[in-house]
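Me: Could you take me on a close look at one part of this model, the second largest pocket, and then at a few spots elsewhere in the fold? I would like one connected account that I can follow with the structure open.

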Amino acid sequence: MKFDTIIIGGGLAGLSAGLRLREKGQEVAIISSGENALHFSSGSFGVLNEGAAVPEGHPYTKLNLSKYLGEVIPFFGKHGVELHGDPMKNGWRLTPTGSLKEARFFMEETDILDKDEKIGEKALIVNFLGFMDFNTSFIADGLEKMGTAVRLEALRLSSMDRLRENPSEMRSVNIARVMDSSWSEIVAEIKKLLKDEDVIILPQVFGLKDTAVIKSIRDSFDVKVMFVGTMPPSVPGIRTQMQLKKAFESAGGTILMGDSVVSAKIDGGKVVSLKTKNLGDHDLFADTFILATGGYFSKGIAATPEKVFEPLFGLDVLFSEGRSSWYDPDFYSPQAFMDFGVATDGSFKALKDGEPICNLYAIGSVLGGSGALKLGCGAGVAILSALAVADSI
């Protein structure tokens, strides 16, 4: 099979690049092994943390960041993912630990807060009996430190009794499949619980397939309703992946789900073809290839006790010699291994033996030298590098 561009990786970076290329009329295939970091999202996309700067030598330094930042919200909006926020300024969101975290773009159900904002005088935090992935005590402690009085309640819903019989079923995505059809029942029960609180806090387990549910719940109350992230899997993250995948296929893109690359042919400084696990002896050919395989979690980069390496193409990887230099024993200190990843030239072309492979680009968390950007801001690395590389192609 022959395509204009083949993208290896179906996460946020791969799907963003694929959609951008389809907009330009390219024939594009995405090879996706399955779960990715979007499944761990808590409702926002970070770009740069407060006070952080783009590392010297990173391909980001050659981008027109203001241009691409200004395109993020409309780009995702036309593909069915509603984001909000100020493209040039960070806001803050309430996290599952009860603290505030900065980000640039926020998913539909996530409220944007000021850093020192008090969310209300009194808050009612509502969980569902048996759901352990929404730690209401953490959130309550955080809010009380900000000066908000908190009351905790747990609902027992008849629609969730079957899930409760098997604790492994009491996960956010399984609950979300019930919630989208039971939201009116939940609203009625919360109204019975509500006293004089001016804020209601609920777990982000609504709107897996229909975000109108989120608005309906908010419109049902005269007080503010906030949705706060849960432990993974993430409902807004999975919804985002589902919508982007749907948009890519609707635009005529080809996606090979549940497949993975097993070998690549490189000749004359360029990638010629790929073989995948599912296609066996059938080669995939393209003019251009994009590596969007992610970081350690998705095995885009891997490690032995002696080295860090890129497993598909044997690309050059930025990492320091000596395992003891990879990390700081102080857990809260900057960790060197976050900077490790594929080496590229200034246009995101991947390097092998010190030379760029002319038709292979690396985007997203697989990129080396992105430590300051990846930590809490991996989505920004993914989106901006994806759009820039797609435009370059």
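Reply: Happy to! The second largest pocket of this predicted model holds about 230 Å³ of space. Its lining is made up of 15 residues, and those closest to the centre are Gly-80, Leu-208, Thr-211, Arg-239 and Gln-243. Which helix gives the largest share of that lining? The answer is α7, residues 235–250, with five residues. By character, the lining residues split into six charged, five polar and four nonpolar.

Helix α7 also leads us to α6, since α7 is among the elements that cover the buried residues of α6, together with α5, β10 and β11 (224–228). Helix α6 itself takes in residues 212–219, and Val-213, Ile-214 and Ile-217 are buried there. Why do these buried residues line one face of the helix? Seen down the axis of α6, they fall within an arc of 105°, so one face holds them. A general point about helices helps here: an α-helix has 3.6 residues a turn, so residues three or four places apart point the same way. Turn to the other side of α6 and you will find Lys-215 and Asp-219, both exposed.

Next, have a look at Glu-197, which sits in the loop between α5 (172–193) and β10 (199–203). Is Glu-197 buried or exposed? With a relative accessible area of 7%, Glu-197 falls under the 20% cut-off and so is buried. What does its side chain meet there? One polar contact, at 2.7 Å, joins the side chain of Glu-197 to the side chain of Arg-151. In addition, a polar atom of the Glu-197 side chain lies 2.9 Å from the backbone nitrogen of Lys-195. If you set aside neighbours within four places in sequence, the residues in contact with Glu-197 are Lys-122, Ala-123, Leu-124, Arg-151 and Val-223. Arg-151 therefore appears both in this list and as the side-chain partner of Glu-197 in the 2.7 Å polar contact.

One last stop is Thr-5, in strand β1 (residues 2–8). Thr-5 counts as buried because its relative accessibility is 0%. The side chain of Thr-5 makes a polar contact of 2.6 Å with the side chain of Gln-26. Not counting residues up to four places away in sequence, Thr-5 touches Leu-21, Gln-26, Glu-27, Val-28 and Ala-29, and also Ala-286, Thr-288, Ile-290 and Ile-393.

Note on methods
Residues numbered from 1 in each chain as written. Predicted model: local features only at pLDDT ≥ 70, side-chain atom pairs only at ≥ 80, totals over all residues. Heavy atoms only, no water. 1 Å grid on protein atoms, 1.4 Å probe; cavity = no way out; pocket = protein on both sides within 12 Å on 5 of 7 lines; lining within 4 Å. Points joined across faces, edges and corners; volume = space filled by probe spheres on them. Helix = DSSP H or I, 4+ residues; strand = E, 2+ residues; numbered from the N terminus. Nonpolar A, V, L, I, M, F, W, Y, C, P; charged D, E, K, R; others polar. Buried < 20%, exposed > 50% of the residue type's maximum accessible area, 1.4 Å probe, protein only. Polar contact = N/O pair within 3.5 Å; in protein donor to acceptor, adjacent residues only side chain to side chain. Contact = heavy atoms within 4.5 Å. Arc of directions from axis to C-beta.
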